Amino acid sequence: MVLRCCCVPALDRQDHADRRFDAARIDCLQAFAILARNGSFTQTARELFLTQSAISHSIKALESDVGCRLLDRVGRKVTLTQAGEHLLKHAERVLAELRSAREGLEELGRWGHGRLRIGAPVTVCQYLLPSVLREFKESFPHCHLSIEPGDSREVLEAVDQRRVDLAVTLEPQGEDQLQFIPLFSDDMGFVASPLHPWAQAGKVTRAEIPTQNFIVYRRGSRTWRMIESYFREEEIVLNAVIELGAMDAIKELVKVGLGVSVLATWVARKELLEQSLVTLPVGRRRLRRNWGIVHWMGRRLTLAEETFIGLCRSATEGWEDQPTNDG
């Protein structure tokens, strides 16, 4: 912080421009701001529980630091010089920011306060997080929650860039800097309308798979790449005719017979119970995914984060190894 005034040589002014106030200078600023308000060394010393000599030394140190005279002494009172008036505006702003920071830190230190930033695919946001967050808010009503939706790649990037604290996502591959906490595994299966020939027959014929119209979730997603890889190994090419970014829309189109899809049973649990959709195995091999919670490796988790992870575990206990058929 520099005051451009005639008492500072041009070369020295650049030196002053590069200086930073350390903790001692913050104390000097505080003494200066109080002295500017009450105009009395005696009153300032009383407010800060210091001696008048200590206040005088603080003001001299501050004047030396900025290279200008900040006060005029008139009898027992002091008034600000033009440079002092200029510095006071900045000092009050700095001190206000420090008070705000201190209050924020005190708030974070209180039980149940703080923040929790979560990244998750839209499907997890829709089918898992509502019940988890409802219970979480009962334990941490004052915790500020933020959710960043995205596919697995995007939420892993958010963890890596420290934009989120935890990500509920598929198990990462080759991300050594991230720690994975397993939650559950799921099997994906064909999903069709009850009126579809596959549902009527209760089985899927391998030769018919390439002839079907598939309604798929985002081709760029990790799940779609896993599905493609699975059928590539089976030497089957899926005929993906409709691509959507919303699971509810996919299920509705499958219901009206516009095609079939490949989904996990927990995504279509309601429709399977209502028998508005039917699920069948994709083949002899399982198409399996591992889900969990990811955070930065080695970072100590907060109580709020540990609680969130525990609630996710409880909420997904029944999601493991669900059947991929209509019986």
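**Figure 1. Arg219 and Glu243 form a salt bridge.** In this predicted model, the closest N and O atoms of Arg219 and Glu243 are 3.5 Å apart. Arg219 lies in the loop between β7 (213-217) and α10 (222-233). Glu243 sits in strand β8 (residues 239-244). The two residues are 24 apart in sequence, so their bridge ties together separate parts of the chain. Arg219 is partly exposed, with a relative accessible area of 37%. Glu243 is also partly exposed, at 42%.

**Figure 2. Arg285 pairs with Glu234 in a salt bridge.** Here the closest N and O atoms are 2.9 Å apart. Both partners come from loops. Arg285 belongs to the loop between β10 (278-280) and β11 (288-296). Glu234 belongs to the loop between α10 and β8. The pair links distant parts of the chain, 51 residues apart. Is Glu234 buried or exposed? Glu234 counts as buried, because its relative accessibility is 17% and the cut-off for buried is under 20%. Arg285 is partly exposed, with a relative accessible area of 35%.

**Figure 3. Arg286 lies in the loop between β10 and β11.** Arg286 counts as exposed, at 52% relative accessibility. The cut-off for exposed is over 50%. Which distance separates Arg286 and Tyr230 in space? From C-alpha to C-alpha, Arg286 and Tyr230 are 9.1 Å apart. In sequence, 56 residues separate Arg286 and Tyr230.

**Figure 4. Lys270 and Glu274 meet in a salt bridge within helix α12.** The N to O distance between the two side chains is 2.9 Å. Helix α12 covers residues 269-274 and holds both partners. They are four residues apart, about one turn of the helix. Lys270 is exposed, with a relative accessible area of 53%. Glu274 is partly exposed, at 45%. Elsewhere, salt bridges that share partners join Asp151, Arg153, Glu154, Glu157 and Arg218 into one network. A search of the whole structure finds 20 salt bridges.

**Figure 5. Helices α3 and α4 cross at roughly 105 degrees.** Helix α3 spans residues 41-48, and helix α4 spans residues 52-66. Their axes come within 8 Å. How is α3 oriented relative to α4? The crossing angle makes α3 roughly perpendicular to α4. By class, their contact has five nonpolar, four polar and no charged residues. From α3 come Phe41, Thr42, Thr44, Ala45 and Leu48. They meet Gln52, Ile55, Ser56 and Ile59 in α4. Two packed helices are described by the angle between their axes and the distance between the axes.

**Figure 6. The whole chain gives the setting for the close-ups.** How many helices and strands does the chain have? Its secondary structure comes to 13 helices and eleven strands. The chain has 327 residues, and 43% of them count as buried. The chain exposes about 17900 Å². Carbon and sulfur atoms supply 50% of that area. Consider the contacts between residues at least 6 apart in sequence. Of these, 74% join residues at least 24 apart.

Technical notes
Residues numbered from 1 in each chain as written. Predicted model: local features only at pLDDT ≥ 70, side-chain atom pairs only at ≥ 80, totals over all residues. Heavy atoms only, no water. Buried < 20%, exposed > 50% of the residue type's maximum accessible area, 1.4 Å probe, protein only. Contact = heavy atoms within 4.5 Å. Areas by Shrake-Rupley, 256 points an atom, 1.4 Å probe, with all protein chains shown as cover. Axes fitted to C-alpha atoms, helices over the stretch in contact; angles between N-to-C directions. Parallel < 35°, antiparallel > 145°, perpendicular 65-115°, else oblique. Nonpolar A, V, L, I, M, F, W, Y, C, P; charged D, E, K, R; others polar. Salt bridge = Lys/Arg side-chain N within 4 Å of Asp/Glu carboxyl O.
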